[in-house]
Amino acid sequence: MGASHPALTHRAWLAAPAFALVWTTGEIVRSLVPFGGFPWGRIAFSQTGSPLLRLAALGGATLVSTVVALLALVAATAWWGLRRRHPARAVGAALVVVAVPVAALAVPLDVRAQEGRASVGIVQGNVSEPGLGAFHNAREVIGNHSRGTIGLAGEHAGELDVVLWPENAADYDPRTDDQARDAVELAAETIGAPIMLGTQSYAFDDEGRATARYNDVVLWEPGVGATEVYAKQHPAPFAEYVPLRDLARRFSDAVDLVSVDMAPGREVGIVPVEVDGRSVPFGVAICFEVAYDALVRESVAQGAEVIVVPTNNASFGDTAESEQQLAMTIFRAVEHGRAAVQVSTVGVSGVVTPNGVVTQRTELFTADALTADLPLRTSLTLATRLGVVPDVVVGGLTAVLLALGIGLGRMRGADRERGARAGSGSRRR
């Protein structure tokens, strides 16, 4: 819409921001609808190796996407200027493309611990069969993570505040299954620390049939058991639940592989962990939740001092999905000024500083374990404080552009019609 309008075509300084606003508005809409949206492809998440990443602390993904889209059209303007032999336009555009990332380097990113540090273990247990068969071997996944934790205890028993396991690390719920309970309890007692683990729970009707399931993160205290639970707020449509099931079945009977739909949790993603005698809120975003601005922002706004992203990437094989997810974890660390940990069943797991530096990481489809001291931080970045304001501003400006375009189009149409009538009248005379 924007850059093709005659009022913009000959004014690059207007075309670039118009294009950027329209592009980002499209991203915002796609992040909301349908079925709760899917923001995985936002171009902001591509900037974790760029100086523009620092802008995340000012305006989140909306600001970064807008700037990237703007610079893309400015860069195209530079190329067009060269081809059409307009050197002044090309040089001016090139200077903008260089100046904006350089200016972004001036955005300060604080990495200091403000409330002490948390010592965490990170266990990536791995699976023997990648892909959809990853959980076909009963109790293999929970066994791998229990053994990985016991192995970590060889050097770190009694030293850690919490051990992080990934999404679905307990393929049987230790709250209801005796063997799973024994495996988790043995690991927790051996390491001498609570375990934050991923599992699933079910709701049943009066006849004992499962009516819903929940993707849970559970804090398991040694000698006590489950003490805190966070249920995933945004299940993935057509993967964890099937909307419009009867209609979808007409296209594929694979929808019935999801036999019990996952229901959304209602609580903000926070799991409190005791660190040095203080209850520290850990912000939790399960798997794809890290892509949703509001979910991570709400946990930080309500007190989260670090961010944890437990995920199960086994189904995606050797694709780039896990690396893409780590990029989003990096982005959220900078956006909210928090240390972040991504912990995966099969990789990639990683530790990220509040300024977006990956200090440790694992490889895909390997069993591994890490330890890290995470700075605990309570100050809020501008992006966290602004919340949805950047979205409202971008959407509002795009609506103004659309209204102006429609209005100007109608005015030009009326002018052409009057001109045609005037020309017809003069010919008759």
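**Cavities, a buried loop residue and a surface patch**

User: What makes up the lining of the largest cavity?

Analyst: In this predicted model, the largest cavity is lined by Gly59, Gly60, Ala61, Thr62, Asp293, Arg297, Glu335, Ala383, Leu386, Gly387, Pro390 and Asp391. Residues count as lining because they have an atom within 4 Å of a cavity point. The volume of the largest cavity is about 90 Å³, and the structure holds 2 cavities of 30 Å³ or more.

User: Which helices supply at least two residues each to that lining, and which element gives the largest share?

Analyst: Helix H3 (56-83), helix H8 (293-301), helix H10 (382-386) and helix H11 (389-428) each supply at least two residues, while the largest share, 4 residues, comes from H3.

User: How do the residues of this lining divide by class?

Analyst: The lining of the largest cavity has 4 nonpolar, 4 polar and 4 charged residues. Gly is placed among the polar residues by the convention used here, so Gly59, Gly60 and Gly387 of this lining count as polar.

User: What is known about the second largest cavity, and which residues line it?

Analyst: The second largest cavity holds about 40 Å³ of space, and its lining consists of Tyr230, Gln233, Gly269, Gly283, Val284, Ala285, Glu289, Leu295, Val296, Ser299 and Ile307. Strand S7 (278-284) and H8 each supply at least two of these residues, with the largest share, 3 residues, coming from H8. By class, this lining divides into 6 nonpolar, 4 polar and 1 charged; Glu289 is the charged one, because Glu belongs to the charged class.

User: Why is Asn168 called buried?

Analyst: Asn168 has a relative accessible area of 12%, and buried means under 20%, so Asn168 is called buried. Asn168 is found in the loop between strand S2 (162-164) and helix H6 (178-191). Its C-alpha atom and that of Ile142, 26 residues apart along the chain, are separated by 8.5 Å.

User: Is Phe251 buried or exposed, and how do you know?

Analyst: The relative accessibility of Phe251 is 71%, and the cut-off for exposed is over 50%, so Phe251 counts as exposed. Phe251 has its place in the loop between helix H7 (245-249) and strand S6 (270-275).

User: What makes up the nonpolar patch on the surface?

Analyst: The patch is formed by Phe35, Phe238, Leu244, Leu247 and Phe251, which together have about 560 Å² of accessible area. Patch members need over 30% relative accessible area, and Phe251, at 71%, therefore meets that cut-off.

Terms used:
Residues are numbered from 1 along each chain as its sequence is written. This is a predicted model: local features need pLDDT of at least 70, side-chain atom pairs count only at pLDDT 80 or more; totals for chains, interfaces and linings use all residues. Side-chain values use heavy atoms; hydrogens and water are left out. On a 1 Å grid over the protein atoms alone, a cavity is a set of points where a 1.4 Å probe fits but cannot get out, and a pocket is an open set with protein on both sides within 12 Å along at least five of seven lines; lining residues have an atom within 4 Å of a point. Grid points are joined across faces, edges and corners, and a volume is the space filled by probe spheres set on the points. Buried means under 20% relative accessible area, exposed over 50%, partly exposed in between (1.4 Å probe, protein chains only). Patches are made of residues with over 30% relative accessible area and no salt bridge: like charges are joined within 9 Å, nonpolar side chains (Val, Leu, Ile, Met, Phe, Trp, Tyr) within 5 Å. Accessible areas come from the Shrake-Rupley method with a 1.4 Å probe; for residues, only the protein chains shown count as cover. A salt bridge is a side-chain nitrogen of Lys or Arg within 4 Å of a carboxyl oxygen of Asp or Glu.
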